[in-house]
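Work through these three exercises with the coordinates open. Try each task before reading its solution.

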Amino acid sequence: MHTTVSKAHTFLGHKDCVYVLEKSGEDHLFFSGSGDGMVVSWNLKEPDKGRLLAKVSASVYALCYDAASNYLIVGQNFDGIHVIDIENRKEVKSVKMTSAAIFDIQVWENKILVGAGDGVITILDKESLSVIKHIKASDEKVRAFAIYPAHAEMAVGYSDNTIKIISLTDYKVKKTINAHQNSVFTVAYSPDYQFLLSGSRDAHLKIWETENYKLKESIVAHMYTINHIAYSPDGKYFVTCGMDKSIKIWDAARFKLLKVIDKARHAGHGTSVNKLLWLNYQGIDISNPVVSASDDRSINVWNVQFAY
C-alpha cells in the first residue's frame, strides 16, 4: 500500500500554542483552543477564515462538542467550564469548579465528565451543571479519557503512569493497568472497541485488548512524548503525534507505520504537535483530511491518500 500526504491548508490566527482540536456536527467545520484563551471555529471550505466563538482568561486545553445540543463545552484552566451556543456565539451557562488545569472533557449520556490536574474527575449534570460526583483515583493529573459505551466504563490516563478503567454506573475503579514508564498523555478505543491504545511521555504506543486489558503490543512510536492518538472515520487507520514535531500514520489492523509527516519532508510543524483530528470530509481540493495543532501556533490540514 502506498500512502501520500500533501499539505492542503495552514490556519493562522492564534497568538499562543494550540492545544486542542474538536469536531463539530458538520464535516467541514472544526474548533480549536489555545494558550491565548481563544476558541475558534474553522471552515475547510473557507481556509484561514477563523470565527471567534469565545475568549476566556486562561489557556484552553480541552473542548468537547455535544451533538445533542449543538453546544461546545470549553475548559478554562484554573476556573471551570463554559457552554457555548455555537450558532449564536454566546455563552449559555458556565460553572466555576476547579483551581486546577482541565485536560479533558467528554459527554456521556446526560452527564459531562471533566478531568483535571489535581487528579479529580468531576461528573456534572449536563443541563444544570450541578456536581453529581467527584472521582479521585490518583493524586496525579488526569490527562485523558476514552469512553466504552457498551460497557459503561471509561479508560483514564493518569500522570502516575497508570490507566484506570472506571465504571460509569457506580464510578468505582474496575481495574488499574500499570501501563507506562511515564505519564499517560492519551488514550483511544478503536472504533470496534477491540483495542485500547495509549500514548505516553515514555514515547511508547501500547495496544491493549479490551476483553481483559492485556498488553497486545508495545511500540517505540516517537522520539519523545506521544501527545495524541486519533482514528480515521472508517477505523482502518490512526494517527499519532508528539513532542518530536512529527505526525505518524498507522495501519490500524496491523499496527504498522505507513507514513511520517514532518518539517523536513512535508513543511510540517516546527515544534511539538499537540492534537490531531481526522475528519470525514470530501471536498474539491481536499479529501480524508487530518488536522494537526502545534506549539508553533498554527493548525495544518493534511490531505491523506491511500493507494493499493
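**Exercise 1.** In what order do the four strands of the open sheet run, and is the pairing parallel or antiparallel?

Solution. The model is predicted, so treat each value as computed from it. Step one: read the order, which is 18-19-20-21. Step two: check direction; the pairing is antiparallel. Step three: find the edges. Strand 18 (184-189) and strand 21 (214-220) each have a single partner strand, so one side of each lacks a neighbour in the sheet. Step four: take the twist, which averages 20° from one strand to the next. Step five: look inside the sheet. Strand 19 (residues 195-200) and strand 20 (residues 204-209) are joined by five bridges. Across this pair, Leu197 stands opposite Ile207.

**Exercise 2.** Is Glu153 buried or exposed?

Solution. Locate Glu153 in strand 15 (residues 153-158). Its relative accessibility is 4%. The cut-off for buried is under 20%, so Glu153 counts as buried. Next, look for a polar partner. The side chains of Glu153 and Tyr213 make a polar contact of 2.8 Å. Then list the surroundings. Beyond four places in sequence, Glu153 touches residues including Ile147, Ile165, Leu168, Lys174 and Tyr189.

**Exercise 3.** Which strand supplies the largest share of the largest nonpolar core?

Solution. Start with the core itself: it has 16 residues. Among those with the most contacts inside it are Phe11, Phe30, Leu44 and Ile299. Now assign strands. Strand 2 (18-23), strand 4 (38-43), strand 27 (289-294) and strand 28 (299-307) each give at least two residues. Strand 4 supplies the largest share, three residues. Finally, inspect Leu44. Its contacts beyond four places in sequence include Phe11, Phe30, Leu279 and Val301.

Methods
Residues are numbered from 1 along each chain as its sequence is written. This is a predicted model: local features need pLDDT of at least 70, side-chain atom pairs count only at pLDDT 80 or more; totals for chains, interfaces and linings use all residues. Side-chain values use heavy atoms; hydrogens and water are left out. Two strands pair if DSSP finds at least two bridges between them. Axes are lines fitted to C-alpha atoms, for helices over the stretch in contact, and angles run from 0 to 180 degrees between N-to-C directions. Buried means under 20% relative accessible area, exposed over 50%, partly exposed in between (1.4 Å probe, protein chains only). A polar contact is a pair of N or O atoms within 3.5 Å; within protein, one must be able to donate a hydrogen and the other to accept it, and residues adjacent in sequence count only if both atoms are side-chain atoms. Contact means heavy atoms within 4.5 Å. A nonpolar core is a set of buried Ala, Val, Leu, Ile, Met, Phe, Trp, Tyr and Cys residues joined through side-chain atoms within 4.5 Å.
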